[in-house]
Amino acid sequence: MLKQNDVNICTPVTGQTMEEVTEEVRAIVPKNPDLFEWRADYFRNLADTEHVLETLETIGEVKKDIPLLFTIRDQKEGGDQTDIDQSHKVELLERVAANSHVSLLDFELRQPGEDVERVKEAASSNNKQLILSFHDFDSTPSSEEMHDILREAEKKGADYAKLAVTPENKQDVLRLLTVTEGAKRSLGIPVITMAMGGLGTVTRMFAWYFGSVITYAVGEHASAPGQIPIEELDKTIAQLRKYQ
């Protein structure tokens, strides 16, 4: 599904309507991302489960064979405001997990334990992979805390552990990269890490070199601070590989 020992470039899709989502995917396909992330928290009809599933069908018709990651990012962790409550969100993720066009789900590590368990079970029973994610938009935790966050995701049954932090200085960026390299060696699952904002842009380009298996790039619209266009990211990665 995803390359395990190399970088996978993911482009978020943030359209508010079925038409916007479909056109966004269609425009990004020629740029050859390794996967799409449908950030469904931007979708303006999320409360209509059947409409969400119908939109997944339209995505499936235009995305070619590119894997699709489905995310309803919690507002507390950088997501847009949605028109559904927590119970509806979990039920929707369970329905989405059964959809043939979806390959992965992303759910926040800090969600209630019973909800994490339900989403994990839905992913597992439908042969889908689960990212358990943690986003800090205020700071960069200590190195020990960052490693503990990634380890906790593994303990809770994630297929991928994701950590996104906000650096205050270059040392924070270096610490994140060091934690990434250490987690790659010590954890039994792949990790996805990034530092957000301008200071963290370098991690969008090079965290894969330290062990992060996914980096997020702009296909049409950014979904988090510090993302750069996929065309520029492709060139940067290709240039670095020339000298490995």
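Two residues are said to be in contact when heavy atoms of the two lie within 4.5 Å of each other, and this meaning of contact is used in the legends below, all of which show a predicted model.

**View 1. Trp38 in strand β2 and its contacts.**
W38 belongs to strand β2, which covers residues 35-39. If residues up to four places away in sequence are set aside, W38 touches V13, V21, F43, V52, T55, L56, I59, L68, L69, F70 and T71. The relative accessible area of W38 is 0%, and the residue counts as buried because this value is under the cut-off of 20%.

**View 2. The positions of a "binding site" feature taken from UniProt.**
An unreviewed UniProt entry places the feature "binding site" at E37, W38, R39, R73, R204, S223 and Q227. From this set, R204 is part of the lining of the second largest cavity.

**View 3. Arg73 in a loop.**
R73, which the UniProt record also lists under "binding site", sits in the loop that runs between β3 (68-71) and α3 (86-97). Is R73 buried or exposed? With a relative accessibility of 3%, R73 counts as buried, although its place is in a loop. Not counting residues up to four places away in sequence, R73 touches E37, R39, D41, G78, G79, D80, D106, E108, S133, H135 and K162; of these contacts, E37 and R39 are also named in the "binding site" feature of the record.

**View 4. The largest nonpolar core and another core apart from it.**
In soluble globular proteins, nonpolar side chains tend to be buried together. In this model the largest nonpolar core has 54 residues, and the members that touch the most other members are W38, L56, F70, V96 and L105. Another core, of 14 residues, lies apart from the largest one, and among its residues are Y160, M194, V213 and Y216. Within the largest core, V96 can be followed in detail: leaving aside neighbours within four places in sequence, V96 is in contact with V52, L53, L56, F70, V102 and L105.

**View 5. Two loop residues with positive phi.**
Which residue in the loop between α1 (18-28) and β2 has a positive phi although it is not a glycine? The residue is N32, with a phi of about 55°, and at 57% relative accessibility N32 counts as exposed. K64, found in the loop between α2 (49-62) and β3, is likewise a residue other than glycine with a positive phi, here near 60°. The relative accessibility of K64 is 60%, so K64 counts as exposed, a word that applies to values over 50%.

Terms used:
Residues are numbered from 1 along each chain as its sequence is written. This is a predicted model: local features need pLDDT of at least 70, side-chain atom pairs count only at pLDDT 80 or more; totals for chains, interfaces and linings use all residues. Side-chain values use heavy atoms; hydrogens and water are left out. UniProt positions are given in the numbering used here, feature names are shortened, and annotations may be inferred rather than shown by experiment. On a 1 Å grid over the protein atoms alone, a cavity is a set of points where a 1.4 Å probe fits but cannot get out, and a pocket is an open set with protein on both sides within 12 Å along at least five of seven lines; lining residues have an atom within 4 Å of a point. Helices (H or I, at least four residues) and strands (E, at least two) are DSSP runs, numbered from the N terminus. Buried means under 20% relative accessible area, exposed over 50%, partly exposed in between (1.4 Å probe, protein chains only). A nonpolar core is a set of buried Ala, Val, Leu, Ile, Met, Phe, Trp, Tyr and Cys residues joined through side-chain atoms within 4.5 Å.
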